[in-house]
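This briefing sets out side-chain contacts and one pocket for a reader at the bench. Please consult the sequence and the structure shown below while reading.

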Amino acid sequence: MTVPSISILIPAKNETANLPVLLGEIQRAMQPREDYEVLVVDDGSTDGTFATLQGVQRDGFAALRIFRHARSLGQSTSLYRAAQRARGSWLVTLDGDGQNDPADIPRLLALVEGTEGDPAGIKLLAGHRVNRRDTFIKRISSRFANGLRAWILRDDTPDTGCGLKVIARDVFLQLPYFDHMHRFIPAMVQRHGFRKMVVPVNHRHRIGGRSNYGTIDRALVGIVDLFGVSWLLLRTRLYCATEETESAK
């Protein structure tokens with residue numbers, strides 16, 4: 001059995017209408033590779049998402065691994081728990097609503113896989129949705145949040161809300177875990193001294209269902225988190241390897 005080098009992580013809450021299509025697209029995008037796995041976390045769904053995932057698995061998607069939260073714990077917790085269980089050295093994160101395009105994944109992987117094992121290599125690719133397919137309110141609130149975050153954190157990332165990212169697993173697990181951490185991954189990666197790159201990616205309309213993480217409450221919580229993360233980054237001390245020698249006697 002091939003040991004996965006790529007782990008695709010998908011947090012999903014009430015996405016039974018979107019997941020079969022999304023998972024089929026992932027299979028097609030990853031052909032002919034076999035060194036990948038897909039971890040979907042059913043984050044307390046009430047619409048049959050878990051049964052839908054089991055059906056996809058029974059239909060022959062052997063690379064699919066399913067995890068389930070009895071109640072919704074949020075995107076960050078879903079991603080972090082999936083990352084802990086992942087076996088790949090590279091993590092690809094995708095939203096479960098199908099708005100991220102799996103066809104972008106091979107191009108992103110080609111950018112990072114040649115840097116594996118290189119201390120100066122890229123450790124994070126952050127997607128930038130250059131053709132947003134969201135509602136007007138969502139686009140405006142996102143633009144405001146991204147501008148405020150960039151001004152305070154100086155993370156040089158125009159779109160941290162994009163769910164499509166590629167990050168080295170060992171780097172991800174070094175980051176401090178807290179609720180809503182997924183919105184601040186670029187800033188934390190940068191503060192920890194790792195290289196990152198922003199890459200334009202496709203964005204699509206939602207196939208079915210509705211957004212399960214609200215716009216207004218997300219924005220309000222995000223502003224509070226922003227100041228907390230700013231404090232956290234100021235307090236972060238980077239690890240630097242030192243060479244110890246014994247003085248001559």
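How do the residues of the lining of the second largest pocket divide into nonpolar, polar and charged? Eight of them are nonpolar, four are polar and five are charged. The model discussed here is predicted, and the points below take up the pocket, the salt bridges and the aromatic contacts in turn.

**The second largest pocket**

- The second largest pocket holds about 270 Å³ of space.
- Its lining is made up of 17 residues, and those closest to the pocket centre are Arg 33, Glu 34, Tyr 36, Ala 62 and Ala 63.
- Helix 1 (residues 19–30) and strand 2 each contribute at least two residues to the lining of this pocket.

**Salt bridges between distant parts of the chain**

- In total, the structure contains 11 salt bridges.
- One of these joins Glu 37 to Arg 87, with 2.8 Å between the closest N and O atoms.
- The partners are 50 residues apart: Glu 37 belongs to strand 2 (residues 36–43), whereas Arg 87 sits in the loop between helix 3 (75–85) and strand 4 (90–93).
- Glu 37 counts as buried because its relative accessibility is 1%, under the 20% limit.
- Arg 87 counts as partly exposed because its relative accessibility of 43% falls between the limits of 20% and 50%.
- A further salt bridge connects Arg 204 with Asp 101, and here the closest N and O atoms are 3.6 Å apart.
- Arg 204 lies in the loop between strand 7 (195–201) and helix 8 (215–235), while Asp 101 lies in the loop between strand 4 and helix 4 (105–112), so this salt bridge ties together parts that are 103 residues apart in sequence.
- Both Arg 204 and Asp 101 are buried.

**Other salt bridges**

- Asp 104 and Arg 107 form a salt bridge whose closest N and O atoms are 2.9 Å apart.
- Asp 104 is buried, its relative accessible area being 10%, whereas Arg 107, at 38% relative accessibility, counts as partly exposed.
- A network of salt bridges links Glu 15, Asp 97 and Arg 206.

**Aromatic pairs**

- Three aromatic pairs are found in a search of the whole structure.
- Tyr 80 and Tyr 177 form one of them, a tilted pair with 4.8 Å from centre to centre and 35 degrees between the planes.
- This pair also links distant parts of the chain, since Tyr 80 is in helix 3 and Tyr 177 is in the loop between helix 6 (169–172) and helix 7 (185–191), 97 residues apart.
- Tyr 80 counts as buried at 16% relative accessibility, while Tyr 177 is partly exposed with a relative accessible area of 39%.
- The ring centres of Phe 178 and Phe 184 are 6.5 Å apart and the planes meet at 40 degrees, so this pair is tilted as well.
- Phe 184 is buried, with a relative accessible area of 4%.
- Ring pairs also join Tyr 80, Phe 172 and Tyr 177 into a cluster.

**A charge over a ring**

- Arg 68 is placed over the face of Phe 50, at 4.3 Å from the ring centre.

Notes
Residues are numbered from 1 along each chain as its sequence is written. This is a predicted model: local features need pLDDT of at least 70, side-chain atom pairs count only at pLDDT 80 or more; totals for chains, interfaces and linings use all residues. Side-chain values use heavy atoms; hydrogens and water are left out. A salt bridge is a side-chain nitrogen of Lys or Arg within 4 Å of a carboxyl oxygen of Asp or Glu. Helices (H or I, at least four residues) and strands (E, at least two) are DSSP runs, numbered from the N terminus. Buried means under 20% relative accessible area, exposed over 50%, partly exposed in between (1.4 Å probe, protein chains only). Rings of Phe, Tyr and Trp (its six-membered ring) pair if their centres lie within 6.5 Å; planes under 30 degrees apart count as stacked, over 60 as edge-to-face and the rest as tilted. A charge sits over a ring if NZ of Lys or CZ of Arg is within 6 Å of the ring centre and within 35 degrees of the ring normal. On a 1 Å grid over the protein atoms alone, a cavity is a set of points where a 1.4 Å probe fits but cannot get out, and a pocket is an open set with protein on both sides within 12 Å along at least five of seven lines; lining residues have an atom within 4 Å of a point. Grid points are joined across faces, edges and corners, and a volume is the space filled by probe spheres set on the points. Ala, Val, Leu, Ile, Met, Phe, Trp, Tyr, Cys and Pro count as nonpolar, Asp, Glu, Lys and Arg as charged, and the others, Gly among them, as polar.
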